[in-house]
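User: I should like to learn how to read burial, charge pairing and chain contacts in a structural model. Could we proceed feature by feature?
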Amino acid sequence: MSTTPTKETWSEIVVRVLKANDVKLVTYVPDNVLLPLIKLLHADPYFTVMTPAREEEAVAIVAGAYMAGMRGITLMQTSGFATIPNALASLVCPFQIPLVMMVSERGTLGEFQQGQAMVCRTMRPVLQSLGVEHFAIQQLDQVEFVVDGMIKQAFSTQAPAAIILSPLLTKRVAA
Amino acid sequence: MSHDNAKSRDQVKTMNRSGLTRLLVSKLKAQEAVVGGIGNTNFDLWASGQRPENFYMLGSMGMATPIALGVAVAQPNRKVFALDGDGSILMQLGSLGTVAAAAQKNLAIIIWDNGLYQITGSQQTLTSKGTDLVAMAKGAGIAQSYWASDEKHFEALVENILSNDGPWFIAARIDGEKPAGTTERDPVKIRLNFMNGLSAVKP
């Protein structure tokens with residue numbers, strides 16, 4: 001009798017790590033790649049999930065909640081990230097708010113829309129120029145270590161962080 | 001208040017931002033949080049006395065309401081006010097729908113509307129050309145959205161906010177007078193004072 005253990009998916013690991021780090025508030029603007037995570041978050045009463053109209057709002061809600069004592073994370077796609085540099089540069093960075101972002105990377109490794117490919121190329125230069133810690137997760141076995149480490153570092157160093165979900169993690173069929 | 005509440009922008013008295021800010025602050029007795037948007041809104045909040053429960057936003061125009069919403073979500077037993085100008089809220093009208101959808105009981109948005117981008121040389125905003133912010137807030141789903149007819153009515157609205165559930169949206173027409181001071185621009189100091197004021201343990 002042998003049983004095949006069911007492997008935890010990336011989204012299940014993220015949910016577990018968020019809980020372990022007391023990250024209760026989630027704000028997001030939807031994205032197809034993030035859908036499995038979004039479904040799990042809505043289904044879990046541990047999380048307060050808010051769906052504002054724009055990514056800037058999603059950032060500011062988490063920033064406000066942090067200052068009032070509640071940890072949060074904001075989820076978005078690469079094109080959404082391109083709408084928030086002013087909120088990062090004038091709110092999050094100068095006020096030293098540990099905003100944790102999870103960005104699903106679209107526009108590379110098989111993109112079919114030129115606009116998505118071009119906006120994707122703006123993300124890392126913006127993160128670098130603002131000095132925002134970022135890392136792209138490519139493999140399932142990196143998810144727990146990277147998400148946990150980046151959340152902990154953000155809150156202990158009082159600095160924002162961008163956890164990027166590479167298509168290598170979210171689109172590649174497991175070998 | 002029912003008949004006073006049925007007004008539109010062109011039917012209400014033009015008041016003064018410094019005066020109304022001081023009137024609002026004088027009513028706050030329960031450590032209510034106030035998030036001041038950028039520019040003259042911020043400067044007049046600063047000039048009204050630096051309460052530790054005040055947050056002074058610098059840059060990030062339009063973000064006062066979502067910041068206040070985040071504060072309100074994290075501390076549901078504290079009343080939270082977002083103060084902002086017409087030019088600022090016009091940049092982030094979706095946030096009115098977000099507030100309505102969240103049905104955040106402890107949140108009130110107060111907008112000073114002089115129809116001007118006053119700080120950049122008094123260019124006209126859309127409210128000078130017919131956009132009615134109270135109608136927009138109502139349309140976004142904030143049922144308790146009102147124009148303040150005059151100072152007395154503004155005071156009554158604030159009292160109502162303090163003793164009843166929101167969300168609320170109040171707009172006041174104001175003049176083009178200069179603010180009564182200038183905020184000290186030290187972001188980390190502002191954040192730490194605010195977090196101490198809210199007794200927020202570093203999460």
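Analyst: We begin with burial: a residue is buried under 20% relative accessible area, exposed over 50%, and partly exposed in between (1.4 Å probe, protein chains only). This is a predicted model in which local features need pLDDT of at least 70 and side-chain atom pairs count only at pLDDT 80 or more, while totals for chains, interfaces and linings use all residues. Residues are numbered from 1 along each chain as its sequence is written, chains are lettered from A and ligands numbered from 1 in the order in which they are written, and side-chain values use heavy atoms, with hydrogens and water left out.

User: Are E53(B) and R51(B) buried or exposed?

Analyst: Both E53(B) and R51(B) are buried. Their side chains also meet in a salt bridge, at 3.5 Å from N to O.

User: How is a salt bridge recognised, and how many are there over all chains?

Analyst: Side chains of opposite charge can pair when their charged atoms come close. The rule here requires a side-chain nitrogen of Lys or Arg within 4 Å of a carboxyl oxygen of Asp or Glu. By this rule there are 14 salt bridges over all chains. One of them joins D148(A) to K152(A), with the closest N and O atoms 2.7 Å apart. These two residues lie four apart in helix α7 (residues 143-157) of chain A, and are therefore separated by about one helical turn. Helices are DSSP runs (H or I, at least four residues), strands likewise (E, at least two), numbered from the N terminus.

User: What is the relative accessibility of D148(A)?

Analyst: D148(A) has 22% and counts as partly exposed; K152(A), with 42%, is partly exposed.

User: How should I read the contact between the chains?

Analyst: The size of an interface is often given as the accessible area lost when the parts come together. Buried area is that loss (1.4 Å probe), summed over both parts. Chain B and chain A bury about 2300 Å² between them, 70% of it on carbon and sulfur atoms. From chain B, the elements giving two or more residues to the side that touches chain A are β2 (54-56), α3 (64-74), α5 (94-102) and α8 (187-197). Of these, α3(B) gives the most, with seven residues. Contact, meaning heavy atoms within 4.5 Å, involves 32 residues from chain B and 27 residues from chain A.

User: How many salt bridges are there between chain B and chain A?

Analyst: The count between chain B and chain A is zero.

Methods: Buried area is the accessible area (1.4 Å probe) that two parts lose on being put together, summed over both.
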